[in-house]
Structures are given as C-alpha cells and as structure tokens.
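Please look over the sequence and the model shown here. A plain report on selected parts of the fold follows them.

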Amino acid sequence: MNGISLHDLAPKQSASLEEVLRGLRSPQKELPCKLFYDEVGSQLFEQITALDEYYPTRAEMRIMRAAGAEVAARLGPECLLIEYGSGSSTKTRILLDHLERPVGYVPIDISREQLQRSVAVLADDYPHLRVLPVCADYTGLLDLPTPLGPTGRRVAYYPGSTIGNFVPQDAKRFLARIAEVCGPDGGLLIGVDLKKDPLMLHRAYNDALGITAAFNLNILTRLNRELGANFALEKFRHYAFYNPVFDRVEMHLVSLLEQVVRVGNVSIRFEPGESIWTEGSYKYNLHEFAELAQTAGWHVEHVWTDDRTLFSVQYLEVS
C-alpha cells in the first residue's frame, strides 16, 4: 500500500461465531449488518449506491459538492479526520479537496480488501496526506493511530445513512463513544437519512435489478465460507419493507420452507416464513436527530440538505 502501514484490528473469527449464534438463537433471528461487508458485499454495496432507486448517495454527493468549502471551513485547519466505515472513500475526496492542511486521515473499515484498495489510490492522489488506515469493527473500542508531531482537533466523519442502522439507544452509545474519541474540542460530520414517502423507501431497498437482494443473501454465503455453515441460498428470499411503527426500513432473509441449518457445530431450525433480520435503517426528522445527538454529548451546529430534503449532512460539536 505504497508504504502505508495497515493497523489490523479485525475481530477474530471465534468472536464472530459467538455473535452469529447468539443472534440466530434469539426469538427474532438476527445477524449483525457489519457482516455484509466482506469483499463481495462491499462491491455489491458500491453497485447499490449507483442504482436509480437508491437516492441517499446521490443526495449526499449533491450536498457535499455544493457545500464542500463551507463544510471544510467548519471543520477547521489542521484537523485529524477520522472516518468510520470509509468504504471506497469517494465522498471523503470532496472533503479532502477543501480541507486546509489536514494533519492526517484515519479511515476505519471492516473490509480489509476494500480498505487496502481505496487507501492505495488515495496515497497516489494525495501524496502529502498522512493516511493511517485501520481495519476493525468500528462499533467497538479502538486504540486509533495518530500522526507524529502536533495534531489539530479531531473530527469524525460518518457519511452515508449508517447511523440509521443502530437502534436509537445503540446510536446514542455509539455517538457518545465518538465524542470520547474526538475529545472536548471535537467535531462530527455525519450523514442522516430523513423521513419521506414510504414508497420511495420501498423502492430503494427492493431494486429492480435485484442487487440489494444479492447483497442481503451474500451474508449467508459469508457464513458458509467463514463459519462452516450450510445455508442453501435458494431456500431463502430477500424481504425489505418500511415499518412505520419504528420509523425504519427492515431487511430480512425469509426461509421458504421448514429446514435445519448447521452453523459451526450447532443446528438452527427454521419454520416456513421465519426470517433472519439482517438490517434496520431508521429514518429521522431534524428535530429527532438533534435530540438524539444531545443525549450523546453533541449539539448540532449546522445542517445541509438537498433540494428535495431527502437527506441531510450535519455538523456537530461536543457539548
């Protein structure tokens, strides 16, 4: 990676097996959505972001292109930029092009292969930027690397609508942990998906090409490969819907028949129609998210939205 050292803090497989079995033994079977992002899953998600039906990425990119200079000015000069779930770092480039003398960039991602690829390209395109990649499950406690020499304020970057993947209480805990990482002068630039027509949400998670379905089913392929499971993908179907009671989109994998699946040395029984909940995506209005942020030690300094108010990019500071 062009001389860049990868800080590899990826979780051990045994911890993943324990987490998977705990979820599959729950009354509502579930899997953590972080398992989506192996190499294939990360590539499928990049395809999802380009779909006609998937509005969040386009809306966020429009915001960042229109307000990039203003956003960077609020982050300030000589900041250390820490990105949670960096992926391909596409949106980050808009920010890096406007930031004034950033002292470093710490991309954190659980997909080692994608992280290595994106960091190699960034190193070529931004030769004077100190890049300190971390392969890790960023929802846990992390000991992050820092550049040598003086460091300005820490600013976290959490683009996309990933904060919506946490149930609100877990979102509060995660935001509070970011506040601890950034410190008393810290900032957070975050993407927050907004409430909208449920039909638009349905289309975004049920695309006509079936890429979201493939992305969802790939989690079973990963369990087969890494944990010795024997899921038959043709016996499960992608199912996504908007749940108005909780203001969230839910993604499930539904068993089409009665079956028993082995995960490691454990047998998991499925009834016909029984599902594995693989992802929730909560939608907020601006007031609701401001209240959530406040309970986690942040206050919202500024909000940018697209012209249709589909999506928001918000800048927060530690209270």
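The report covers strands and sheets, then three buried residues, then one cavity and one pocket.

This is a predicted model, in which local features need pLDDT of at least 70 and side-chain atom pairs count only at pLDDT 80 or more, while totals for chains, interfaces and linings use all residues. Residues are numbered from 1 along each chain as its sequence is written, and side-chain values use heavy atoms, with hydrogens and water left out.

## Strands and sheets

Helices (H or I, at least four residues) and strands (E, at least two) are DSSP runs, numbered from the N terminus. Two strands pair if DSSP finds at least two bridges between them.

An open sheet of 8 strands runs in the order β1-β4-β3-β2-β5-β6-β13-β12, and its pairing is mixed. At its edges stand β1 (7–8) and β12 (298–305), each with a single partner strand, so one side of each has no neighbour in the sheet. Within this order, β2 and β5 are next to each other; they run parallel and are joined by 4 bridges. Across this pair, L81 stands opposite V155 in β5.

Strands β7, β8 and β11 are linked by antiparallel pairing, β7 with β8 and β8 with β11. β7 and β8 form a hairpin with 4 residues between them, and D247 in the turn has a positive phi of about 55°. The table sets out three strand pairs with one facing pair of residues for each.

| Strand pair | Sense | Bridges | Facing residues |
|---|---|---|---|
| β2 (residues 80–84) and β5 (residues 154–158) | parallel | 4 bridges | L81 and V155 |
| β7 (residues 236–243) and β8 (residues 248–255) | antiparallel | 8 bridges | R237 and V254 |
| β8 (residues 248–255) and β11 (residues 275–282) | antiparallel | 7 bridges | L253 and I276 |

Burial is given by relative accessible area: buried means under 20%, exposed over 50%, and partly exposed in between (1.4 Å probe, protein chains only). In β11, 8 of the 8 residues are buried, so this strand is largely enclosed by the rest of the structure.

## Three buried residues

Contact here means heavy atoms within 4.5 Å. The contact lists below leave aside neighbours within four places in sequence.

S312 lies in strand β13 (residues 311–318). This serine is buried, with a relative accessible area of 0%. Its contacts are I63, I190, G191, V192, L194, L286, V303, W304 and T305. The side chain of S312 also makes a polar contact with the side chain of Q314 (3.1 Å). A polar contact is a pair of N or O atoms within 3.5 Å; within protein, one must be able to donate a hydrogen and the other to accept it, and residues adjacent in sequence count only if both atoms are side-chain atoms. In a regular strand the side chains alternate between the two faces of the sheet.

N216 is in helix α8 and is also buried, at a relative accessible area of 0%. N216 is in contact with F36, H238, M251, H252, L253 and T278.

A179 belongs to helix α6 (residues 168–182). A179 is buried, with a relative accessible area of 12%, and is in contact with A296, W298 and V318. The C-alpha atoms of A179 and L9 are separated by 21 Å, while the two residues are 170 residues apart along the chain.

## Cavity and pocket

On a 1 Å grid over the protein atoms alone, a cavity is a set of points where a 1.4 Å probe fits but cannot get out, and a pocket is an open set with protein on both sides within 12 Å along at least five of seven lines; lining residues have an atom within 4 Å of a point. Grid points are joined across faces, edges and corners, and a volume is the space filled by probe spheres set on the points.

How many cavities of 30 Å³ or more does a search of the whole structure find? The search finds 1, and the largest cavity has a volume of about 40 Å³. Its lining consists of S16, V20, L35, R222, L223, E226 and L227. Helices α1 (13–24) and α8 (211–227) each supply at least two of these residues, and α8 gives the most, with 4 residues. For class counts, Ala, Val, Leu, Ile, Met, Phe, Trp, Tyr, Cys and Pro are nonpolar, Asp, Glu, Lys and Arg are charged, and the others, Gly among them, are polar. On that basis the lining of the largest cavity has 4 nonpolar, 1 polar and 2 charged residues.

The second largest pocket holds about 350 Å³ of space. It is lined by 19 residues, of which D38, I110, R112, R222 and E226 are the closest to its centre. Two or more lining residues come from each of α1, α2 (39–49), α5 (112–125) and α8. The largest share, 4 residues, is from α8. By class, the lining of this pocket has 8 nonpolar, 3 polar and 8 charged residues.
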